[in-house]
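User: I have a structure to study, and I want to know what stands behind each label. Can we go through some of them?

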Amino acid sequence: MLRAHLTANPRTPIAPINRRLFGTFVEHLGRSVYDGIYEPHHPSADPEGFRRDVIELVKELGVSTIRYPGGNFVSGFRWEDSVGPREQRSQRLDLAWHSTETNEVGLLEFSNWLSKVGSELMLAVNLGTRGTQEALDLLEYSNLRSGTTLSDQRAHDGHPEPYGVSMWCLGNEMDGPWQLGHRSADDYGKLAAQTARAMRAFDPSLELVVCGSSSASMPTFGEWERVVLTHTYDEVDYISCHAYYEDHGDTAEFLASGVDMDRFIESVIATADHVKAVRGSTKTINISFDEWNIWYNERFEKVDKIQGSQNWPVAPRLLEDVYTVTDAVVFGSLLISLLKHADRVTSASLAQLVNVIAPIMTEPGGGAWRQTTFFPFAATSAHAIGSVLPISIECETYDTRTFGSVPLVDATATHDTEGGSTAVYLVNRSQTDAIEVSIDLGGLVLRSPSARTLSDTDPLAANTLTDPNRVTLQANSSLTQSHTTLTIVLPPISWTEIHAHGIIETKEI
Ligand code: AHR
């Protein structure tokens, strides 16, 4: 059996874990909202039409913020359509996804749903087909208590209390030619700075996210960040990163996706810090990784994509990827990458939440179930508490076409000095070999540690409507603790969590 050794240092934590790392994203896209979170005729629907079974699964997933209402959708969105009496709301074309938006669920309904699931609203404004004034109007409608036409309209619409939205995205993926209102970095940077200044004239404490690149493979990547931040550095708090991964037929390469995410994050940090140095600024810009996931985009392009100028369906089945065990292992490694950079990635949104590239799936009139990716997210959200610890890993490597030599094991560890809760997350990227890992947590002796692993003899196994519980986390009974060393066996292509609620002692080392 292959062997690896991991050392973590609880004395010099990297950074506290911001709960906002466990955010997700609900876009008006496909069956995310309609026939997803909202299905008024479903047997489990509550009086407002929201599926109670979905609400329970979202709570179990452990979601902090939820980004809304897009995505590409937001770049053609008229927010006024989504408020006011439902019977008077306009039906609109959604050019991003070639669908019809009924506006049956809008800001009021969505915020009511958010209070049922206990998550924080993160809003994106349309800087594609609209601009600063409409962003200001939405801000006033959302966050001003009363006394103006827009704030009083919100109260009249049924929400007397302001929504109090703190986090705002200044548009979406404005570097992408597919985006309605796509602009050059220079043009977008000026518009974003102007909009940010205006929004902060209303409330200087707003947390603003400027659009970074829609992927590290964009031809403008790097230069886009430099130019946009040069315009907006003093006005914003975050720059966004977006990344999606899929298996293009080279599974070894796919399993190394976390390496790509690490490099992406580190390049954006370097660019942001370059702008900081040039400006002589004392302020640091952090990353909002507000779209990340596995996405079989090739399938969307070939199979799902809707066309035809007279063909604009309501809530079509789009981006309904079925995730395998291998997908979930890569997904778990992306969470490890986010945690490893918790000092600068202080907000993230899994894209998305229900039905659309989602950890939760539903069938109209039928069941709701957890995809394979549900498990690493729920476990990490529940147990990655306190701070992330610096670690070093000694293990074998393998060769990949794009990333060169990649370690077979990736991992991160978290520790909460107050409650003692400790967790280690590990990925085995080998497709053939189990790996025995010895773990030295710098003197921590854990109280009754336990381990759960996601793996399967069939790495393509998945959960489906007819077999919703095929894949789940399994107890990993190979875990032992001797003195200050944990030892565990990681099966091939696997994601593992070791967790303990407390520590017995910290030995001097
Ligand atoms: O999450 C699906 C789409 O991916 C979003 O609408 C867009 O922002 C990104 O390209």
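Analyst: Start with burial: buried means under 20% relative accessible area, exposed means over 50%, and partly exposed lies in between, with a 1.4 Å probe and protein chains only. This is a predicted model: local features need pLDDT of at least 70, side-chain atom pairs count only at pLDDT 80 or more, and totals for chains, interfaces and linings use all residues. Residues are numbered from 1 along each chain as its sequence is written, and side-chain values use heavy atoms, leaving out hydrogens and water.

User: Why is cysteine 211 called buried?

Analyst: Its relative accessible area is 3%. Buried means under 20%, so cysteine 211 is buried.

User: What makes cysteine 395 partly exposed?

Analyst: Cysteine 395 has a relative accessible area of 24%. That value falls between the two cut-offs, 20% and 50%.

User: How many disulfides are there?

Analyst: The structure holds 0 disulfides. For cysteine 211, the nearest cysteine sulfur belongs to cysteine 169 and is 7.4 Å away. A disulfide needs a pair of cysteine sulfur atoms within 2.5 Å, so cysteine 211 is in none.

User: How do you know that the span of helix α5 agrees with what is expected?

Analyst: Helices are DSSP runs (H or I, at least four residues), strands are too (E, at least two), and both are numbered from the N terminus. The expected span of a helix is 1.5 Å times one less than its number of residues. Helix α5 has 18 residues, 185-202, so it should span 26 Å. Its end C-alpha atoms are 26 Å apart, which agrees.

User: Why is threonine 195 called buried, and what does it touch?

Analyst: Threonine 195 lies in helix α5. Its relative accessible area is 0%, so it is buried. Contact means heavy atoms within 4.5 Å. Leaving aside residues up to four places away in sequence, threonine 195 touches Leu127, Thr132, Ala135 and Leu170.

User: Which elements do the buried residues of α5 pack against?

Analyst: They pack against α3 (132-143), β8 (167-170), β9 (207-210) and α6 (223-232). The buried residues of α6, in turn, pack against α5, β9, β10 (238-245) and α8 (257-279).

User: What makes the pair between glutamate 27 and the ligand a polar contact?

Analyst: A polar contact is a pair of N or O atoms within 3.5 Å; within protein, one must be able to donate a hydrogen and the other to accept it, and residues adjacent in sequence count only if both atoms are side-chain atoms. A polar side-chain atom of glutamate 27 lies 2.7 Å from a ligand oxygen. That is within the cut-off.
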